[in-house]
Amino acid sequence: MQLEDISSPKDIKNLSYKELRQLSRDIRTRIIQVTSRNGGHLASNLGAVELTLMLHKVFNSPEDAIIWDVSHQSYTHKILTGRNKELDTLRLKDGISGFTRHTESEHDLFDAGHASTSISQALGLLLGRKLQDKSGKVIAVLGDGALTGGMAFEALSHAGQSAKDLIVVLNDNRMSISANTGSISRYLSRLTMSRQYQGFRIAFDSFVAKLPGGQFLNKFIYRFKRGIKGIFFPDTLFADLGFEYVGPLNGHNIEELDMVFNRVKKLHRPVVVHVVTRKGKGYKPAEENPSKFHGVGPFDPATGELVAKPAERPTFTAVFGKTICQLAEQNPKICAVTAAMTSGTGLTEFSKKFPDRFFDVGIAEEHAVTFAGGIARSGMKPVVAIYSTFMQRSVDQLIHDISLQRVSAVFVLDRSGAVPDDGETHQGIFDISLFRPIPDVALLAPASEAELANMLEWAVQQNCPVVIRYPKSLCPAEQPVFADAIECGRGVLIPSSADTAPAENLFVCTGGIFPEVQKAAENLAEEQVPCDIYNLRFMKPLDKAYFITLAERYQRIVFVEDGIRIGGIGTYLESLLTRCGTRKKMAVCGFPDRFIAQGKRSDILEEAHLSPAHLERKMKELLS
């Protein structure tokens, strides 16, 4: 069967093992082809091809619900569920998502861009169906370190006692983005060494299948198997939680997966199926460097080399990585903490230079924040680097375990604002509204390389929690004032480039959106409409008196932020000036009250009306 002929999982039900192996090769070629052009999560998907094929062959989606966690490993699932033609639009504007999306297909039960959610979702779905007398299995597929998240264990604890038709497939590739860390990873590694029991179990099951059935015989066989299993390997954590444990299995062996899934399908008790796969399977560059090919930009499929030209300026991520190393050399109390994002947050070099002061806690953002509070209480200085979208999980910890405890820690939020390619689940647009209301927390946003370096140096000297947010983008060209020393609560003013009288128009912006504001101001200057720019630097605390005095110079003010408009800094500053009795014309530009799908940064800002052209138009509206 050709890949182009598959429009639903039904099309693979009767394929032979030989045909399935060929289909696996074709799927890998297709995934490499698309991601080499569009970028994407390559290594995770290459490792899950056979696993996905056999899940769809044995089970009947969507009646048997397959829930992916994290769903960036679902490209094969998308191909098999009728989206092969649309795969060329993967991660592009108006194209299909790089994650499961419930509006795309009846086979996508949930939108899943954050880890460790699938067992909770699966349990809720299963028990809800039971209340309505609906049949079918529910399968949660955990991969890329999702089991290191505490939410997964909360769900396991609940599910083991109440979910008779729940199947948890643990796709163990020993990787999240970076290599898995912690006791759970080591525990799973121990489990994968118990293959002598698995060999016996498979042979014994084959023998038993040929014997007459009977309730007594089945109970005896089950107890006998548990006894034999105990001889070769003690009861697993999963068994203690109430699950039948099956595994470890070779996740690339189609015959073994077929046999085990068909047997598991007949069980009516919660089961964990432990499958060992190789991240990047079938593509040598990704096998050799799975971290590099976890989330990759366009590349040459023949060599694996990225096609992007070297950037003229560094990224904010690179500047953070460089600066934190410099500060740690000067200050032996500085530690770095991340949540399975060593390379993504720029901490790879730090982890090599200061291994004793580096902590990767796995996919456990809540733990990372509270853990940092403990480090801070000891007298050390933790710097916690987490993506903005994942830091959302730690609002309570930042309130209860950091701010309320009055401990001194620095939180660096990468991927704030518009995040290209990954879609709704990854837009970093909520952090300003979420974290600005928390007492005693300083919230800053750099606009350049120099500002970020200065802010980090300032932050590690403070005796309060400090949050620094910046986008996934290149640092813009420097402005002289960006190198000015940090003054708490104050920003910097960039005069208009127009050669006219002093400007009566002002853009007030957060650092991440500065390039777009600057472009809008330059366009207006060419039309002899001079506009100054006030880069806030601080969203909290604010020197209100200073800002009010500054604003009095202007007749028109447009507030621009790369965050959600509701509860944002722009709305606050507008109300502040209004309460002071100002008659100035003002407008607030921020992300709208809705989720925004994937696209390039320019696509996202265009849709949010935050492009230079939209900002220019907004100022002209005030002029008219």
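**Note on the predicted model: core strands, one cavity and two aspartates**

1. From strand 2, Val138, Ala140 and Leu142 point one way, while Ile139, Val141 and Gly143 point the other way, and all are buried. The model is predicted, and the points below should be read with that in mind. Six of the six residues of strand 2 are buried, so strand 2 is largely enclosed by the rest of the structure. Burial here means under 20% relative accessible area.

2. Strand 2 (residues 138-143) pairs with strand 3 in the parallel sense, over six bridges. Two of the facing positions can be named. Valine 141 has valine 169 of strand 3 as its bridge partner, and leucine 142 stands opposite leucine 170 of strand 3.

3. Strand 2 also pairs with strand 1: the two run parallel and are joined by five bridges. Isoleucine 67 stands opposite alanine 140 of strand 2. Isoleucine 67 appears again in point 6, as part of a cavity lining.

4. Strand 3 (residues 166-172) has seven of its seven residues buried, so strand 3 is largely enclosed by the rest of the structure. Leu166, Val168, Leu170 and Asp172 point one way from the strand, and Ile167, Val169 and Asn171 point the other way. Besides its pairing with strand 2, strand 3 pairs in the parallel sense with strand 5 (residues 271-276), over six bridges. Aspartate 172 stands opposite valine 276 in strand 5.

5. Asparagine 171 deserves a separate look. This residue lies in strand 3 and counts as buried because its relative accessibility is 3%, against the cut-off of 20%. The side chain of asparagine 171 makes a polar contact with the side chain of glutamine 73, at 3.0 Å.

6. The structure holds four cavities of 30 Å³ or more. The second largest contains about 50 Å³ of space. Its lining consists of Ile66, Ile67, Trp68, Thr100, His107, Asp108, Leu109, Phe110, Ala112 and Gln121. By class, six of these lining residues are nonpolar, three are polar and one is charged. Strand 1 (residues 65-69) gives the largest share of the lining, with three residues.

7. Is helix 3 buried or exposed? In helix 3 (residues 49-58), 10 of the 10 residues are buried, so the helix is largely enclosed by the rest of the structure. The buried residues of helix 3 include Glu50, His56 and Lys57 as well as Val49, Leu51, Leu53, Met54, Leu55 and Val58. Thr52 of helix 3 is buried too.

8. Aspartate 431 lies in helix 18 (residues 431-435). At 1% relative accessibility, aspartate 431 counts as buried. Leaving out residues up to four places away in sequence, aspartate 431 touches Ser388, Leu413, Ser416, Arg436 and Arg469. With arginine 469 there is a polar contact between side chains, at 2.5 Å. The C-alpha atoms of aspartate 431 and isoleucine 564 are separated by 8.5 Å, although these residues are 133 residues apart along the chain.

9. Aspartate 543 lies in the loop between strand 15 (538-540) and helix 21 (544-551). Why does aspartate 543 count as partly exposed? Its relative accessibility is 22%, and partly exposed covers the range between the buried limit of 20% and the exposed limit of 50%. The side chain of aspartate 543 reaches the backbone nitrogen of tyrosine 546 at 3.1 Å.

10. Which residues does aspartate 543 touch, not counting residues up to four places away in sequence? They are Gly489 and Arg490. Arginine 490 is 53 residues from aspartate 543 along the chain, and the C-alpha atoms of the two are separated by 6.0 Å.

Key
Residues are numbered from 1 along each chain as its sequence is written. This is a predicted model: local features need pLDDT of at least 70, side-chain atom pairs count only at pLDDT 80 or more; totals for chains, interfaces and linings use all residues. Side-chain values use heavy atoms; hydrogens and water are left out. On a 1 Å grid over the protein atoms alone, a cavity is a set of points where a 1.4 Å probe fits but cannot get out, and a pocket is an open set with protein on both sides within 12 Å along at least five of seven lines; lining residues have an atom within 4 Å of a point. Grid points are joined across faces, edges and corners, and a volume is the space filled by probe spheres set on the points. Helices (H or I, at least four residues) and strands (E, at least two) are DSSP runs, numbered from the N terminus. Ala, Val, Leu, Ile, Met, Phe, Trp, Tyr, Cys and Pro count as nonpolar, Asp, Glu, Lys and Arg as charged, and the others, Gly among them, as polar. Buried means under 20% relative accessible area, exposed over 50%, partly exposed in between (1.4 Å probe, protein chains only). Two strands pair if DSSP finds at least two bridges between them. Contact means heavy atoms within 4.5 Å. A polar contact is a pair of N or O atoms within 3.5 Å; within protein, one must be able to donate a hydrogen and the other to accept it, and residues adjacent in sequence count only if both atoms are side-chain atoms.
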